[in-house]
Amino acid sequence: MPLITRVLAGLLATRSLGTFAQDAAPAPAAPPLVFSSQSVTYRCDGGTEIELVYLNLSNGNAFAALHHNNRTVMLQGRRATTGVRFVALDEQNSLRWYTQGMKGELSFLAADHTAQEQTLLANCFAQPAKR
């Protein structure tokens, strides 16, 4: 299954249950949600490569699927001072991806209020798309 398909399936699985109020009047039809996606491969210090698929929704939300160590993790974007910090939707798998322009950094923060963020991959630079 292509990575973008896994991204969309994961996003729908985690967000489709959303917020449903009991006995609420039907909401007016919302405009269709439009999205754009982009797959980017990054090469980091030591030659490690990771793949991300970014999903930008027309309502302003941003998500990414990060493929690292033979698994794919869903992340949600949050604006940072400069760039965007993507945080795992699953607190137990709390990976963080910070990107600014063509450069990124992968870190991990354990689900413990005393934990320190640990850098896993640094100086990750986007690679030209393969043709």
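A residue is called exposed here when its relative accessible area is over 50%, and buried when that value is under 20%. Arg-79 has a relative accessibility of 75%, so Arg-79 counts as exposed. This residue is found in strand S4, which covers residues 71-79, and its C-alpha atom lies 9.7 Å from that of Ala-62, a residue 17 positions away in sequence. The model in which these values were computed is a predicted one, and the paragraphs that follow move from the whole chain to its strands and then to individual side chains.

The protein chain contains 1 helix and 8 strands, and read from the N terminus the elements run α-β-β-β-β-β-β-β-β. The 8 strands close into a barrel in the order S1-S2-S3-S4-S5-S6-S7-S8, with antiparallel pairing, and from one strand to the next the twist averages 30°. Of the 131 residues in the protein chain, 31% are buried, while the chain as a whole exposes about 8900 Å², of which carbon and sulfur atoms supply 53%. Among contacts with a separation of 6 or more, 29% are between residues 24 or more positions apart.

Some of the strand pairings can be followed in detail. S1 and S2 run antiparallel and are joined by 9 bridges, and Ser-36 stands opposite Asn-56 in S2. Further along the chain, S6 and S7 pair in the antiparallel sense over 6 bridges, and these two strands form a hairpin with 2 residues between them, where Gly-101 in the turn has a positive phi of about 65°. S7 in turn pairs with S8, the strand of residues 118-126, again in the antiparallel sense and over 5 bridges. Gly-104 can be traced through both pairings, since Gly-104 in S7 is the bridge partner of Thr-99, and the bridge partner of Gly-104 in S8 is Cys-124.

Aromatic side chains add another kind of connection between the strands, and the count comes to 2 aromatic pairs. In one of them, the ring centres of Tyr-42 and Trp-97 are 4.9 Å apart and the ring planes stand at 65°, so the pair is edge-to-face. This pair links distant parts of the chain, with Tyr-42 in strand S1 (residues 35-43) and Trp-97 in strand S6 (residues 95-100), 55 residues apart. Tyr-42 is buried because its relative accessible area is 3%, and Trp-97 likewise counts as buried because its relative accessibility is 0%.

The other pair has another geometry: the rings of Tyr-54 and Phe-86 have centres 5.5 Å apart and planes at 50°, so this pair is tilted. Tyr-54 lies in strand S2 (residues 49-57) and Phe-86 in strand S5 (residues 84-88), so the pair ties together parts of the chain that are 32 residues apart in sequence. Both Tyr-54 and Phe-86 are buried.

Thr-99 brings several of these threads together. This residue lies in strand S6, and its relative accessible area is 10%, so Thr-99 is buried. Leaving aside residues up to four places away in sequence, Thr-99 touches Tyr-42, Tyr-54, Gly-83, Val-84, Phe-86 and Gly-104, a list that includes Tyr-42 of the edge-to-face pair as well as Tyr-54 and Phe-86 of the tilted pair. A polar atom of the Thr-99 side chain also lies 3.2 Å from the backbone oxygen of Lys-103.

Ser-107, in strand S7 (residues 103-108), offers a second example of a polar side chain under cover. With a relative accessible area of 2%, Ser-107 falls under the cut-off and is therefore buried. Its side chain makes a polar contact with the side chain of Glu-117 at 2.4 Å. Again leaving aside residues up to four places away in sequence, Ser-107 touches Arg-85, Ser-94, Leu-95, Arg-96, Glu-117, Gln-118, Thr-119 and Leu-120.

Methods: Residues numbered from 1 in each chain as written. Predicted model: local features only at pLDDT ≥ 70, side-chain atom pairs only at ≥ 80, totals over all residues. Heavy atoms only, no water. Phe/Tyr/Trp six-rings, centres within 6.5 Å; stacked < 30°, edge-to-face > 60°. Helix = DSSP H or I, 4+ residues; strand = E, 2+ residues; numbered from the N terminus. Buried < 20%, exposed > 50% of the residue type's maximum accessible area, 1.4 Å probe, protein only. Polar contact = N/O pair within 3.5 Å; in protein donor to acceptor, adjacent residues only side chain to side chain. Contact = heavy atoms within 4.5 Å. Pairing = 2+ DSSP bridges. Axes fitted to C-alpha atoms, helices over the stretch in contact; angles between N-to-C directions. Areas by Shrake-Rupley, 256 points an atom, 1.4 Å probe, with all protein chains shown as cover.
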